[in-house]
Amino acid sequence: MEKYDVLIIGSGPAGLFAAMELERRGLKRIGIIDRETYPAGGLLNDGKLNFHRRIGIDTAELGLDDTRADALIGEVKEILTAVPGCRQVTFPGTDMILAWERIAWERNVDFIAPEQWHWGTDNGRRVVDHLRNRLKSTAFLLGREVHSIQIGPDSIILECGREKDSCPLECSVLLAAPGRKGAYWFRSEARRIDIDTAFGPIDVGIRVELNRKFFDTLTDTVYDPKFLIRTNRHRDRVRTFCTNPGGRVRFEHYGEFKIMNGDALAGQKTSNTNFALLNTIRLTEPFSDTTMFGQMIAKQFHLLGDGAPIVQRVGDFREGKRSRKETFLSERHHFHVCEPSCTAVPGDITLGMPARIVDNLWESLKTLDKIVPGILHPSTLLYAPEIKFFDTNYPTDEQLETNIGHIFVAGDGAGKSRGIVGAAVTGILAARGMLAKHF
Ligand SMILES: Cc1cc2nc3c(=O)[nH]c(=O)nc-3n(C[C@H](O)[C@H](O)[C@H](O)COP(=O)(O)OP(=O)(O)OC[C@H]3O[C@@H](n4cnc5c(N)ncnc54)[C@H](O)[C@@H]3O)c2cc1C
(Lines give C-alpha, C1' and ligand atoms only; values in the text may rest on other atoms or scores of the structure.)
Protein backbone atom coordinates (compact mmCIF):
# COMPACT_ATOMS: atom_id res chain seq x y z
CA MET A 1 0.00 0.00 0.00
CA GLU A 2 1.34 3.48 -0.89
CA LYS A 3 2.18 5.37 2.30
CA TYR A 4 2.36 9.15 2.79
CA ASP A 5 3.08 11.51 5.66
CA VAL A 6 0.14 13.68 4.61
CA LEU A 7 -2.69 12.94 2.22
CA ILE A 8 -4.91 15.79 1.08
CA ILE A 9 -8.38 15.15 -0.30
CA GLY A 10 -9.08 17.90 -2.86
CA SER A 11 -6.83 19.81 -5.26
CA GLY A 12 -8.62 23.16 -4.91
CA PRO A 13 -6.95 26.22 -3.40
CA ALA A 14 -7.16 24.80 0.16
CA GLY A 15 -5.38 21.58 -0.85
CA LEU A 16 -2.79 23.21 -3.12
CA PHE A 17 -1.81 25.90 -0.61
CA ALA A 18 -1.56 23.32 2.17
CA ALA A 19 0.79 21.22 0.02
CA MET A 20 2.87 24.29 -0.88
CA GLU A 21 3.30 25.13 2.78
CA LEU A 22 4.18 21.53 3.74
CA GLU A 23 6.77 21.35 0.93
CA ARG A 24 8.20 24.74 1.84
CA ARG A 25 8.75 23.48 5.40
CA GLY A 26 10.56 20.39 4.12
CA LEU A 27 7.93 17.64 4.38
CA LYS A 28 8.54 15.05 1.66
CA ARG A 29 5.83 12.43 1.33
CA ILE A 30 2.73 14.44 0.44
CA GLY A 31 -0.09 13.30 -1.85
CA ILE A 32 -3.04 15.26 -3.24
CA ILE A 33 -6.00 13.10 -4.24
CA ASP A 34 -8.73 14.34 -6.56
CA ARG A 35 -11.52 12.51 -8.34
CA GLU A 36 -10.97 14.81 -11.32
CA THR A 37 -8.13 14.15 -13.73
CA TYR A 38 -6.95 17.77 -13.69
CA PRO A 39 -5.97 19.28 -10.34
CA ALA A 40 -7.90 22.50 -9.96
CA GLY A 41 -11.06 22.41 -7.85
CA GLY A 42 -12.72 25.81 -8.07
CA LEU A 43 -9.60 27.56 -9.37
CA LEU A 44 -11.00 27.20 -12.88
CA ASN A 45 -13.91 29.45 -11.91
CA ASP A 46 -13.60 33.13 -12.68
CA GLY A 47 -10.78 33.96 -10.24
CA LYS A 48 -12.03 37.10 -8.56
CA LEU A 49 -9.79 37.61 -5.55
CA ASN A 50 -10.81 39.64 -2.51
CA PHE A 51 -7.94 40.47 -0.20
CA HIS A 52 -9.71 41.49 2.98
CA ARG A 53 -10.05 39.83 6.36
CA ARG A 54 -13.83 40.41 6.44
CA ILE A 55 -14.30 38.44 3.24
CA GLY A 56 -14.03 34.69 2.82
CA ILE A 57 -13.02 33.70 6.37
CA ASP A 58 -14.35 34.05 9.88
CA THR A 59 -11.30 35.38 11.73
CA ALA A 60 -12.96 34.88 15.14
CA GLU A 61 -13.62 31.20 14.43
CA LEU A 62 -10.06 30.73 13.17
CA GLY A 63 -8.66 32.53 16.21
CA LEU A 64 -6.86 35.11 14.07
CA ASP A 65 -6.27 38.64 15.24
CA ASP A 66 -6.13 41.34 12.55
CA THR A 67 -2.35 41.25 12.27
CA ARG A 68 -2.17 37.48 11.75
CA ALA A 69 -5.13 37.49 9.37
CA ASP A 70 -3.56 40.27 7.27
CA ALA A 71 -0.21 38.46 7.23
CA LEU A 72 -1.78 35.21 6.00
CA ILE A 73 -3.82 37.02 3.35
CA GLY A 74 -0.61 38.79 2.33
CA GLU A 75 1.15 35.44 1.82
CA VAL A 76 -1.69 34.15 -0.36
CA LYS A 77 -1.75 37.42 -2.27
CA GLU A 78 1.93 37.23 -3.09
CA ILE A 79 1.44 33.83 -4.74
CA LEU A 80 -1.90 34.43 -6.47
CA THR A 81 -1.20 37.86 -7.88
CA ALA A 82 1.95 36.47 -9.54
CA VAL A 83 -0.06 34.00 -11.64
CA PRO A 84 -0.21 34.76 -15.36
CA GLY A 85 -3.13 36.95 -16.45
CA CYS A 86 -4.06 38.12 -12.93
CA ARG A 87 -4.61 41.89 -12.79
CA GLN A 88 -5.72 44.32 -10.13
CA VAL A 89 -9.26 45.54 -10.71
CA THR A 90 -10.07 47.50 -7.52
CA PHE A 91 -7.80 50.04 -5.87
CA PRO A 92 -9.16 50.78 -2.38
CA GLY A 93 -9.25 54.15 -0.67
CA THR A 94 -9.99 56.36 -3.70
CA ASP A 95 -12.31 59.39 -3.48
CA MET A 96 -14.87 57.56 -5.61
CA ILE A 97 -14.92 54.64 -3.19
CA LEU A 98 -15.34 56.98 -0.23
CA ALA A 99 -18.28 58.56 -2.08
CA TRP A 100 -19.91 55.14 -2.59
CA GLU A 101 -19.37 54.31 1.08
CA ARG A 102 -21.12 57.54 2.01
CA ILE A 103 -24.08 56.92 -0.34
CA ALA A 104 -24.51 53.41 1.08
CA TRP A 105 -24.15 54.63 4.66
CA GLU A 106 -27.01 57.11 4.09
CA ARG A 107 -29.21 54.07 3.35
CA ASN A 108 -27.94 52.17 6.41
CA VAL A 109 -25.97 49.82 4.21
CA ASP A 110 -22.42 48.72 4.91
CA PHE A 111 -20.17 48.88 1.85
CA ILE A 112 -16.83 47.06 1.52
CA ALA A 113 -14.46 47.72 -1.36
CA PRO A 114 -11.25 45.78 -0.73
CA GLU A 115 -8.24 45.31 -2.97
CA GLN A 116 -9.44 43.01 -5.74
CA TRP A 117 -7.72 41.11 -8.53
CA HIS A 118 -9.13 38.97 -11.35
CA TRP A 119 -7.83 36.41 -13.84
CA GLY A 120 -11.04 35.29 -15.65
CA THR A 121 -12.31 31.78 -16.37
CA ASP A 122 -10.49 31.76 -19.72
CA ASN A 123 -7.14 32.07 -17.88
CA GLY A 124 -7.99 29.35 -15.34
CA ARG A 125 -5.80 26.59 -16.82
CA ARG A 126 -2.73 28.83 -17.04
CA VAL A 127 -3.25 29.74 -13.38
CA VAL A 128 -3.63 26.12 -12.26
CA ASP A 129 -0.56 24.99 -14.25
CA HIS A 130 1.46 27.79 -12.69
CA LEU A 131 0.40 26.83 -9.14
CA ARG A 132 0.89 23.13 -9.77
CA ASN A 133 4.42 23.81 -11.03
CA ARG A 134 5.30 25.34 -7.68
CA LEU A 135 4.89 21.87 -6.18
CA LYS A 136 8.02 19.81 -6.79
CA SER A 137 7.72 16.68 -4.67
CA THR A 138 3.98 16.35 -4.02
CA ALA A 139 2.37 13.33 -5.71
CA PHE A 140 -0.82 14.12 -7.66
CA LEU A 141 -3.14 11.12 -7.31
CA LEU A 142 -5.74 12.15 -9.87
CA GLY A 143 -8.85 10.50 -11.20
CA ARG A 144 -9.28 8.77 -7.84
CA GLU A 145 -12.39 9.28 -5.76
CA VAL A 146 -12.06 8.70 -2.03
CA HIS A 147 -14.98 6.57 -0.87
CA SER A 148 -14.16 5.91 2.73
CA ILE A 149 -11.84 6.90 5.54
CA GLN A 150 -10.71 4.19 7.98
CA ILE A 151 -8.84 4.91 11.16
CA GLY A 152 -6.20 2.30 11.91
CA PRO A 153 -4.10 1.93 15.07
CA ASP A 154 -1.19 4.04 13.72
CA SER A 155 -2.41 5.48 10.47
CA ILE A 156 -5.38 6.54 8.36
CA ILE A 157 -6.42 4.48 5.34
CA LEU A 158 -8.36 5.90 2.42
CA GLU A 159 -10.28 3.64 0.06
CA CYS A 160 -10.18 5.16 -3.41
CA GLY A 161 -11.44 4.27 -6.86
CA ARG A 162 -14.13 1.86 -7.98
CA GLU A 163 -14.84 -1.28 -6.00
CA LYS A 164 -13.07 -3.73 -8.29
CA ASP A 165 -9.98 -1.55 -8.81
CA SER A 166 -10.08 0.00 -5.36
CA CYS A 167 -6.66 1.21 -4.23
CA PRO A 168 -6.13 1.94 -0.55
CA LEU A 169 -3.74 4.74 0.41
CA GLU A 170 -2.22 5.19 3.84
CA CYS A 171 -1.10 8.32 5.67
CA SER A 172 -0.11 9.58 9.10
CA VAL A 173 -2.13 12.79 8.80
CA LEU A 174 -5.14 13.58 6.64
CA LEU A 175 -6.37 16.94 5.37
CA ALA A 176 -9.93 16.90 4.07
CA ALA A 177 -10.51 19.82 1.67
CA PRO A 178 -13.24 18.42 -0.58
CA GLY A 179 -14.92 21.72 -1.53
CA ARG A 180 -18.66 22.34 -1.68
CA LYS A 181 -19.32 19.48 -4.09
CA GLY A 182 -17.61 16.95 -1.82
CA ALA A 183 -19.05 18.46 1.36
CA TYR A 184 -21.89 16.02 1.89
CA TRP A 185 -19.84 12.94 1.07
CA PHE A 186 -17.28 14.09 3.65
CA ARG A 187 -19.94 14.89 6.21
CA SER A 188 -21.38 11.39 6.08
CA GLU A 189 -17.88 9.89 6.36
CA ALA A 190 -17.08 12.28 9.22
CA ARG A 191 -20.18 11.22 11.12
CA ARG A 192 -19.42 7.54 10.53
CA ILE A 193 -15.96 7.91 12.07
CA ASP A 194 -17.20 10.17 14.90
CA ILE A 195 -15.81 13.50 13.77
CA ASP A 196 -17.95 16.18 15.43
CA THR A 197 -20.19 18.16 13.06
CA ALA A 198 -22.69 20.96 13.56
CA PHE A 199 -25.08 22.91 11.33
CA GLY A 200 -24.03 26.43 10.40
CA PRO A 201 -26.03 29.12 8.61
CA ILE A 202 -26.84 28.79 4.91
CA ASP A 203 -27.00 31.52 2.26
CA VAL A 204 -30.09 31.35 0.03
CA GLY A 205 -31.03 33.87 -2.64
CA ILE A 206 -30.96 34.78 -6.30
CA ARG A 207 -28.57 35.72 -9.08
CA VAL A 208 -29.44 39.16 -10.47
CA GLU A 209 -28.52 40.00 -14.08
CA LEU A 210 -28.93 43.46 -15.57
CA ASN A 211 -27.77 45.55 -18.48
CA ARG A 212 -24.28 46.55 -17.45
CA LYS A 213 -24.86 50.21 -18.26
CA PHE A 214 -26.85 50.49 -15.00
CA PHE A 215 -23.98 49.17 -12.92
CA ASP A 216 -20.86 50.37 -14.75
CA THR A 217 -20.65 53.61 -12.75
CA LEU A 218 -20.11 51.46 -9.68
CA THR A 219 -18.16 48.48 -11.08
CA ASP A 220 -15.76 50.75 -12.99
CA THR A 221 -14.56 51.79 -9.52
CA VAL A 222 -15.17 48.60 -7.51
CA TYR A 223 -15.14 45.40 -9.59
CA ASP A 224 -16.95 43.26 -6.98
CA PRO A 225 -18.83 45.65 -4.64
CA LYS A 226 -19.95 44.17 -1.32
CA PHE A 227 -23.13 45.61 0.17
CA LEU A 228 -24.21 44.29 3.57
CA ILE A 229 -27.83 45.01 4.40
CA ARG A 230 -29.88 44.46 7.57
CA THR A 231 -33.52 44.31 6.45
CA ASN A 232 -36.12 46.48 8.21
CA ARG A 233 -39.00 44.06 8.20
CA HIS A 234 -37.35 40.89 9.48
CA ARG A 235 -33.99 42.30 10.68
CA ASP A 236 -32.23 39.62 8.60
CA ARG A 237 -28.86 39.84 6.86
CA VAL A 238 -28.66 40.12 3.08
CA ARG A 239 -25.49 40.72 1.09
CA THR A 240 -24.31 41.08 -2.47
CA PHE A 241 -21.65 38.59 -3.51
CA CYS A 242 -19.63 37.63 -6.60
CA THR A 243 -20.32 40.50 -8.99
CA ASN A 244 -19.24 39.88 -12.57
CA PRO A 245 -19.13 43.02 -14.74
CA GLY A 246 -19.55 41.97 -18.40
CA GLY A 247 -19.96 38.41 -17.11
CA ARG A 248 -22.18 35.37 -17.66
CA VAL A 249 -24.76 33.67 -15.46
CA ARG A 250 -24.00 29.95 -15.10
CA PHE A 251 -25.51 26.80 -13.66
CA GLU A 252 -23.72 24.88 -10.93
CA HIS A 253 -24.57 21.16 -11.19
CA TYR A 254 -25.35 19.18 -8.04
CA GLY A 255 -26.63 15.87 -9.39
CA GLU A 256 -30.21 16.08 -8.20
CA PHE A 257 -30.58 19.79 -9.02
CA LYS A 258 -28.91 22.85 -10.50
CA ILE A 259 -28.29 26.15 -8.77
CA MET A 260 -27.15 29.54 -10.05
CA ASN A 261 -23.72 31.11 -10.13
CA GLY A 262 -21.83 33.54 -12.35
CA ASP A 263 -18.40 34.23 -13.78
CA ALA A 264 -16.56 36.46 -16.26
CA LEU A 265 -13.95 35.95 -18.93
CA ALA A 266 -10.92 38.20 -19.19
CA GLY A 267 -10.90 38.31 -22.99
CA GLN A 268 -14.56 38.56 -23.91
CA LYS A 269 -17.27 40.59 -22.19
CA THR A 270 -21.08 40.42 -22.40
CA SER A 271 -23.35 43.50 -22.25
CA ASN A 272 -24.59 42.40 -18.81
CA THR A 273 -23.43 42.39 -15.21
CA ASN A 274 -24.54 39.81 -12.67
CA PHE A 275 -24.27 39.40 -8.92
CA ALA A 276 -25.63 37.18 -6.17
CA LEU A 277 -28.05 38.53 -3.58
CA LEU A 278 -28.01 36.20 -0.59
CA ASN A 279 -30.01 35.96 2.60
CA THR A 280 -28.21 34.29 5.51
CA ILE A 281 -30.49 31.82 7.28
CA ARG A 282 -29.86 30.29 10.70
CA LEU A 283 -32.16 27.60 12.05
CA THR A 284 -32.39 26.69 15.71
CA GLU A 285 -35.17 24.52 17.05
CA PRO A 286 -37.07 22.33 16.44
CA PHE A 287 -35.26 21.95 13.10
CA SER A 288 -31.65 23.03 12.60
CA ASP A 289 -30.64 21.09 9.49
CA THR A 290 -29.76 23.96 7.14
CA THR A 291 -28.49 21.47 4.55
CA MET A 292 -31.85 19.84 4.14
CA PHE A 293 -33.53 23.25 4.17
CA GLY A 294 -31.32 24.43 1.27
CA GLN A 295 -31.74 21.18 -0.64
CA MET A 296 -35.52 21.29 -0.30
CA ILE A 297 -35.55 24.77 -1.83
CA ALA A 298 -33.26 23.68 -4.68
CA LYS A 299 -35.43 20.61 -5.34
CA GLN A 300 -38.59 22.72 -5.32
CA PHE A 301 -37.14 24.86 -8.12
CA HIS A 302 -35.96 21.76 -9.94
CA LEU A 303 -39.55 20.54 -9.87
CA LEU A 304 -41.11 23.86 -10.90
CA GLY A 305 -38.58 24.44 -13.70
CA ASP A 306 -38.81 20.86 -14.98
CA GLY A 307 -35.14 20.25 -14.21
CA ALA A 308 -33.81 23.80 -14.61
CA PRO A 309 -33.66 26.92 -12.43
CA ILE A 310 -36.29 29.66 -12.87
CA VAL A 311 -35.86 33.21 -14.11
CA GLN A 312 -38.26 36.12 -13.72
CA ARG A 313 -38.16 39.67 -15.08
CA VAL A 314 -38.36 42.45 -12.47
CA GLY A 315 -41.23 43.94 -14.54
CA ASP A 316 -43.25 40.73 -14.08
CA PHE A 317 -42.24 40.33 -10.44
CA ARG A 318 -43.51 43.84 -9.64
CA GLU A 319 -46.90 43.01 -11.13
CA GLY A 320 -47.09 39.67 -9.31
CA LYS A 321 -47.02 37.78 -12.63
CA ARG A 322 -44.90 34.85 -13.69
CA SER A 323 -42.56 35.43 -16.64
CA ARG A 324 -43.43 33.70 -19.90
CA LYS A 325 -41.51 32.58 -22.96
CA GLU A 326 -43.80 34.56 -25.28
CA THR A 327 -43.15 37.92 -23.61
CA PHE A 328 -39.66 37.27 -22.29
CA LEU A 329 -37.95 39.53 -24.84
CA SER A 330 -40.90 41.90 -25.33
CA GLU A 331 -39.90 45.43 -26.45
CA ARG A 332 -43.25 46.77 -25.26
CA HIS A 333 -42.27 45.81 -21.69
CA HIS A 334 -38.63 47.03 -22.25
CA PHE A 335 -37.47 43.48 -21.58
CA HIS A 336 -35.17 43.53 -24.63
CA VAL A 337 -32.83 45.89 -22.68
CA CYS A 338 -31.29 42.86 -20.97
CA GLU A 339 -30.71 39.72 -23.05
CA PRO A 340 -30.19 36.75 -20.69
CA SER A 341 -26.75 35.15 -20.77
CA CYS A 342 -28.15 31.86 -19.42
CA THR A 343 -31.20 29.82 -20.43
CA ALA A 344 -33.25 29.24 -17.29
CA VAL A 345 -37.02 28.65 -17.43
CA PRO A 346 -39.24 31.79 -17.32
CA GLY A 347 -41.53 31.47 -14.30
CA ASP A 348 -42.28 32.78 -10.84
CA ILE A 349 -39.46 32.72 -8.30
CA THR A 350 -41.85 33.35 -5.41
CA LEU A 351 -43.33 29.86 -5.86
CA GLY A 352 -40.12 28.12 -4.82
CA MET A 353 -38.79 30.39 -2.09
CA PRO A 354 -40.07 30.96 1.48
CA ALA A 355 -41.94 34.28 1.84
CA ARG A 356 -39.51 35.64 4.40
CA ILE A 357 -36.58 35.21 1.98
CA VAL A 358 -38.53 36.78 -0.89
CA ASP A 359 -39.42 39.75 1.39
CA ASN A 360 -35.78 40.19 2.38
CA LEU A 361 -34.50 40.00 -1.19
CA TRP A 362 -37.08 42.42 -2.57
CA GLU A 363 -36.54 44.92 0.23
CA SER A 364 -32.79 44.72 -0.39
CA LEU A 365 -33.19 45.21 -4.13
CA LYS A 366 -35.26 48.33 -3.49
CA THR A 367 -32.56 49.65 -1.14
CA LEU A 368 -29.83 48.90 -3.68
CA ASP A 369 -31.83 50.64 -6.40
CA LYS A 370 -31.64 53.81 -4.33
CA ILE A 371 -27.85 53.48 -4.13
CA VAL A 372 -27.31 52.46 -7.77
CA PRO A 373 -30.45 53.60 -9.68
CA GLY A 374 -31.45 51.30 -12.51
CA ILE A 375 -31.09 47.95 -10.77
CA LEU A 376 -34.87 47.61 -10.77
CA HIS A 377 -35.32 48.29 -14.49
CA PRO A 378 -38.15 46.02 -15.72
CA SER A 379 -35.68 44.05 -17.84
CA THR A 380 -33.53 42.98 -14.87
CA LEU A 381 -33.48 39.21 -14.46
CA LEU A 382 -33.89 37.36 -11.16
CA TYR A 383 -32.63 33.76 -11.38
CA ALA A 384 -33.36 31.31 -8.57
CA PRO A 385 -32.14 29.57 -6.61
CA GLU A 386 -28.59 30.58 -5.72
CA ILE A 387 -27.52 28.70 -2.59
CA LYS A 388 -24.14 28.48 -0.91
CA PHE A 389 -23.78 25.11 0.71
CA PHE A 390 -21.17 25.89 3.37
CA ASP A 391 -23.57 24.84 6.04
CA THR A 392 -21.73 22.06 7.88
CA ASN A 393 -19.36 23.20 10.61
CA TYR A 394 -16.56 21.12 12.03
CA PRO A 395 -15.63 22.23 15.53
CA THR A 396 -11.81 22.23 15.39
CA ASP A 397 -8.97 23.79 17.29
CA GLU A 398 -7.27 26.84 15.80
CA GLN A 399 -4.92 24.57 13.83
CA LEU A 400 -8.00 23.08 12.13
CA GLU A 401 -7.58 19.64 13.68
CA THR A 402 -10.87 17.88 14.34
CA ASN A 403 -11.75 16.04 17.54
CA ILE A 404 -10.32 12.94 15.85
CA GLY A 405 -6.59 13.58 16.08
CA HIS A 406 -4.54 13.53 12.85
CA ILE A 407 -7.58 14.55 10.76
CA PHE A 408 -7.61 18.20 9.70
CA VAL A 409 -10.14 20.11 7.59
CA ALA A 410 -9.86 23.21 5.39
CA GLY A 411 -11.68 25.11 2.66
CA ASP A 412 -15.30 25.65 1.69
CA GLY A 413 -16.47 22.04 2.05
CA ALA A 414 -15.61 22.11 5.75
CA GLY A 415 -17.35 25.46 6.26
CA LYS A 416 -14.00 27.12 7.03
CA SER A 417 -13.91 29.49 4.04
CA ARG A 418 -15.93 31.08 1.27
CA GLY A 419 -13.87 31.70 -1.83
CA ILE A 420 -10.42 31.12 -3.25
CA VAL A 421 -8.41 33.39 -0.94
CA GLY A 422 -10.15 32.15 2.21
CA ALA A 423 -9.70 28.51 1.16
CA ALA A 424 -5.98 29.12 0.56
CA VAL A 425 -5.62 30.78 3.99
CA THR A 426 -7.21 27.80 5.74
CA GLY A 427 -5.01 25.39 3.77
CA ILE A 428 -1.91 27.17 5.06
CA LEU A 429 -3.28 27.21 8.62
CA ALA A 430 -3.97 23.48 8.54
CA ALA A 431 -0.51 22.74 7.11
CA ARG A 432 1.14 24.74 9.89
CA GLY A 433 -1.03 22.97 12.45
CA MET A 434 0.04 19.54 11.18
CA LEU A 435 3.71 20.50 11.23
CA ALA A 436 3.46 21.92 14.74
CA LYS A 437 1.59 18.95 16.15
CA HIS A 438 2.66 15.83 14.27
CA PHE A 439 6.04 16.21 12.52
C1 LIG B 1 -19.14 29.34 -11.15
C2 LIG B 1 -18.32 29.66 -9.94
C3 LIG B 1 -17.63 30.86 -9.87
C4 LIG B 1 -16.83 31.15 -8.76
N5 LIG B 1 -16.14 32.32 -8.75
C6 LIG B 1 -15.32 32.59 -7.70
C7 LIG B 1 -14.52 33.77 -7.71
O8 LIG B 1 -14.55 34.55 -8.65
N9 LIG B 1 -13.74 34.04 -6.63
C10 LIG B 1 -13.69 33.18 -5.54
O11 LIG B 1 -12.96 33.49 -4.58
N12 LIG B 1 -14.42 32.05 -5.52
C13 LIG B 1 -15.22 31.73 -6.57
N14 LIG B 1 -15.95 30.58 -6.56
C15 LIG B 1 -15.85 29.71 -5.37
C16 LIG B 1 -14.51 28.95 -5.36
O17 LIG B 1 -14.45 28.14 -6.49
C18 LIG B 1 -14.40 28.16 -4.07
O19 LIG B 1 -14.60 29.03 -2.99
C20 LIG B 1 -13.04 27.49 -3.88
O21 LIG B 1 -12.67 26.74 -5.01
C22 LIG B 1 -13.06 26.57 -2.65
O23 LIG B 1 -11.84 25.91 -2.56
P24 LIG B 1 -11.65 24.50 -1.84
O25 LIG B 1 -10.21 24.17 -1.94
O26 LIG B 1 -12.30 24.54 -0.52
O27 LIG B 1 -12.51 23.44 -2.71
P28 LIG B 1 -12.59 23.17 -4.26
O29 LIG B 1 -11.87 24.21 -5.03
O30 LIG B 1 -14.02 22.97 -4.57
O31 LIG B 1 -11.81 21.80 -4.44
C32 LIG B 1 -12.28 20.61 -3.89
C33 LIG B 1 -11.76 19.43 -4.73
O34 LIG B 1 -12.02 18.23 -4.00
C35 LIG B 1 -12.32 17.21 -4.92
N36 LIG B 1 -13.08 16.18 -4.20
C37 LIG B 1 -14.26 16.35 -3.51
N38 LIG B 1 -14.65 15.18 -2.97
C39 LIG B 1 -13.70 14.26 -3.32
C40 LIG B 1 -13.55 12.86 -3.08
N41 LIG B 1 -14.44 12.15 -2.35
N42 LIG B 1 -12.48 12.21 -3.61
C43 LIG B 1 -11.55 12.90 -4.36
N44 LIG B 1 -11.66 14.22 -4.62
C45 LIG B 1 -12.72 14.89 -4.12
C46 LIG B 1 -13.14 17.93 -5.99
O47 LIG B 1 -13.07 17.21 -7.21
C48 LIG B 1 -12.43 19.29 -6.06
O49 LIG B 1 -11.46 19.32 -7.10
C50 LIG B 1 -16.75 30.23 -7.66
C51 LIG B 1 -17.44 29.03 -7.72
C52 LIG B 1 -18.22 28.72 -8.85
C53 LIG B 1 -18.94 27.41 -8.89
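This passage describes two helices, two cis peptide bonds and residues with positive phi in a predicted model.

Helix α3 comprises 15 residues, 66-80. At 1.5 Å a residue, a helix of this length should span 21 Å, and the end C-alpha atoms of α3 are 21 Å apart, which agrees. The buried residues of α3 are Ala 69, Leu 72, Ile 73, Val 76, Ile 79 and Leu 80. They cover an arc of only 120° around the axis, and therefore lie on the same side of α3. The face turned away from this buried side carries Thr 67 and Glu 78, both of which are exposed.

Several elements contribute to the cover over the buried residues of α3. Among them are two helices that precede α3 in the numbering, α1 (13-24) and α2 (59-62), together with strand β3 (48-51). The cover also includes α5 (124-134) and α11 (420-438).

The packing of α3 against α11 can be described further. The axes of the two helices come within 10 Å and cross at roughly 110°. Because angles of 65 to 115 degrees count as roughly perpendicular, α3 is described as roughly perpendicular to α11. The crossing of α3 and α11 is right-handed. On the α3 side, the contact is made by Arg 68, Leu 72, Ile 73, Glu 75, Val 76 and Leu 80. On the α11 side, Ile 420, Val 421, Ala 424, Val 425, Ile 428, Leu 429 and Arg 432 take part. Of the α3 residues in this contact, Leu 72, Ile 73, Val 76 and Leu 80 also belong to the buried set of the helix.

Helix α4 comprises twelve residues, 95-106. The span expected at 1.5 Å a residue is 16 Å; the end C-alpha atoms of α4 are 17 Å apart, which agrees. Ile 97, Trp 100 and Ala 104 of α4 are buried. They cover an arc of only 60° around the axis, so they are placed on the same side of α4. Exposed residues are found on the other side of α4, namely Asp 95, Trp 105 and Glu 106. The buried residues of α4 are covered by elements that include the strands β4 (87-90), β5 (110-112) and β13 (226-230). Helices α7 (216-219) and α10 (355-371) are also included in this cover.

Some backbone angles in the model depart from the usual values. Most residues other than glycine have a negative phi, and most peptide bonds are trans. After α4 comes Asn 108, with a positive phi near 65°. Asp 306, in the loop between α8 and β18 (310-313), likewise has a positive phi, near 50°. Asp 306 is exposed, because its relative accessible area of 74% is over the 50% cut-off. Leu 400 is not a glycine either, yet has a positive phi of about 70°. Leu 400 lies in the loop between β21 (392-393) and β22 (407-409). With a relative accessible area of 1%, under the 20% cut-off, Leu 400 is therefore buried.

Two cis peptide bonds, each preceding a proline, are described here. One joins Glu 285 and Pro 286, with omega about 15°. Pro 286 is located in the loop between β17 (272-281) and α8 (290-304). The other joins Ala 384 and Pro 385, with omega about 0°. Pro 385 is placed in strand β20, which runs over residues 381-388.

Note on methods. Residues are numbered from 1 along each chain as its sequence is written. This is a predicted model: local features need pLDDT of at least 70, side-chain atom pairs count only at pLDDT 80 or more; totals for chains, interfaces and linings use all residues. Side-chain values use heavy atoms; hydrogens and water are left out. Helices (H or I, at least four residues) and strands (E, at least two) are DSSP runs, numbered from the N terminus. The expected span of a helix is 1.5 Å times one less than its number of residues. Buried means under 20% relative accessible area, exposed over 50%, partly exposed in between (1.4 Å probe, protein chains only). The arc is that of the directions from the helix axis to the C-beta atoms. Contact means heavy atoms within 4.5 Å. Axes are lines fitted to C-alpha atoms, for helices over the stretch in contact, and angles run from 0 to 180 degrees between N-to-C directions. Angles under 35 degrees count as roughly parallel, over 145 as roughly antiparallel, 65 to 115 as roughly perpendicular and the rest as oblique. A crossing is left-handed if the near helix is turned anticlockwise from the far one by less than a right angle, and right-handed if clockwise.
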